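Reader: I'm new to this one. Could you walk me through it, a question at a time?

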Amino acid sequence: MDPYMATLRGLRQGDPISPLLFVICMEYLSRLIRSMEDHPLFKFHPRCKKSKLTPMVFADDIILCCEGSFPSVYTMLKAFKLFSATSGLQISEQKSDFYTAGVSQEVIQRIKAATNFAHNKLFFRYLGLPVCARKIRVAECNGIIEKMCARIKVWSSRNLSYMARVTLVNSVLLSIHQYWAQMFILPKSVLKEIEKICRAFLWTGEWNSSKPGNVAWEHVCLPKQAKGVGFRQIQTWYVAEIAKYVWAISTKQNNLWVKLVHEVYVKDARWWDYEPPIDSCWYWKQICKVKSKLKLLYSEQEWNSLTKFSVQQVYKKLIGEQPAVHWDKLIWNRLVIPKHRVIGWLVMKQRLRTLDILVKIGVQALHSCHLCEQGIENHNHLFIQCKYSTQCLDLVRGWMGMKNQHSIFPRQMLFIMKSKRTGVKKRFMAAVFSGLVYQIWWVRNEAIWNHVVSKPEFIFRKLKQLIQQRIRLVLPHKITARDQLWIDSMLAAV
Ligand SMILES: [Zn+2]
């Protein structure tokens, strides 16, 4: 550009003006290549003929495609040389490769000699993502699993509460969905491996444990209102992500990929009834498979009338209607201390590892309740009949001014839920009862492992203090004066 503009100094990476200059340069390159397309020696790649696709540029990564003949490659290279001479931007020969399909060895050798590029088999990384025509092999995904589970592995040496683990697993599963699943299909065995690590970590705190969990994984992966923890079912989520492409093809979204797919595969066929040819690539077949799944749930008209695609909505439809419990709003509410939530959830599902369950799976000998030394320890005993629990419960009832007799925790929750109290009051009470259940479980574990049983008064005092701290921290600002008064009076009694 020298004759036209005098250059005084160079640009550094990260300079705010550099993207603009870059776009101008790339525009010039695109135009050069466009002009080359009319050259008699140049021929398009057979699949790009209609869309006249040659360069794909993202930042300084460029993919160029053309027919696998020497004259075409040579013409393209000449255009590129002209670009280099004009702009001063050079191709890095070490970092460039070329890939061929159905091209003779002789032509490959000529291209190699003319370009100095390495000839490689089709599997490369573009912007950090693997690009290949076949299904990705499990071995090629090892890095991905490593990356995704790195955090879990780091944290597995720490002593984390269930809730902390739930959060961590959720963030890992979420990040898989949001990043990888949008772009390509991971093999099933890889997804299973990720699930295995998450499951082991959730229940044991170690990523490589094979002990069974308290609740089956498919039940954990249900929405909260359907008694789950709200994790996503990875494989179903994948289907929902791929459904996005099915939708894009249906509604002919304005992007390069959709145009290409229509030209190469769908052509004049009706997409909704389209069947992929046997020799089409694995990815395309997967997309068509997802379409057949969607056909069971949506009518063509319904599907095409979706003006905006939401992965979440399709996912919901895929997992289907689940019978809703309503206690999830109490158990997982913000006023409940985080580490009390998962224990509360397990008690609601009667899935804590109480002695009766441990005896059943053969890891412990039969023993009477460690808190009262009377009766067999199971959920009903521990949270209703046990003398110790009843004493704690009476103290809590006295504090809250409650007269009802629903001593068992799940029933207590249902009672709170159905009562005519305001939302804040209900959530406050849920926090207290979840805390109580947590404390009883804690005392029970102390009794087993350390042979100490704290007095109910001590537990009650501890619970009140914890609740006071929590409520002061997270109580919403916008509550009615009456609720505020009630909560103040509750906390004042601490
Ligand atoms: Zn007992």
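Reader: What span should helix H6 have, and how far apart are its end C-alpha atoms?

Author: Before that, note that this is a predicted model, where local features need pLDDT of at least 70 and side-chain atom pairs count only at pLDDT 80 or more, while totals for chains, interfaces and linings use all residues. Residues are numbered from 1 along each chain as its sequence is written. Helices here are DSSP runs of H or I with at least four residues, strands are runs of E with at least two, and both are numbered from the N terminus. H6 covers residues 188-204, and the expected span is 1.5 Å times one less than its number of residues, so its 17 residues should span 24 Å, which agrees with end C-alpha atoms that are 24 Å apart.

Reader: Which residue follows H6, and what is its phi?

Author: Inside H6, Val 190, Leu 191 and Ile 194 are among the buried residues (buried: 20 or more other C-beta atoms within 10 Å of its own; exposed: 12 or fewer; partly exposed in between; C-beta atoms are placed from the backbone). After the helix comes Gly 205, with a positive phi near 85°.

Reader: Which helix gives the largest share of the largest nonpolar core?

Author: A nonpolar core is a set of buried Ala, Val, Leu, Ile, Met, Phe, Trp, Tyr and Cys residues joined through C-beta atoms within 7 Å. The largest has 80 residues, and Ile 194, Cys 198 and Ala 430 are among those with the most contacts inside it. Its largest share, twelve residues, comes from helix H19 (residues 423-450).

Reader: At what angle do H1 and H2 cross?

Author: Two packed helices are described by the angle between their axes and the distance between the axes. Axes are lines fitted to C-alpha atoms, for helices over the stretch in contact, with angles from 0 to 180 degrees between N-to-C directions. For H1 (residues 18-36) and H2 (residues 70-87), the axes come within 10 Å and cross at roughly 150°.

Reader: Is Ala 79 buried or exposed?

Author: Ala 79 sits in helix H2. It touches Leu 32, Ile 33 and Met 36, leaving aside residues up to four places away in sequence (a contact means C-beta atoms, placed from the backbone, within 7 Å). Because Ala 79 has 22 C-beta neighbours inside 10 Å, it counts as buried.

Reader: What radius of gyration does the protein have?

Author: The radius is taken over C-alpha atoms, and the globule rule is 2.2 Å times the number of residues to the power 0.38. A compact globule of 494 residues would come out near 23 Å, but the protein has 32 Å.

Definitions and conventions: Two residues are in contact if their C-beta atoms, placed from the backbone, lie within 7 Å.
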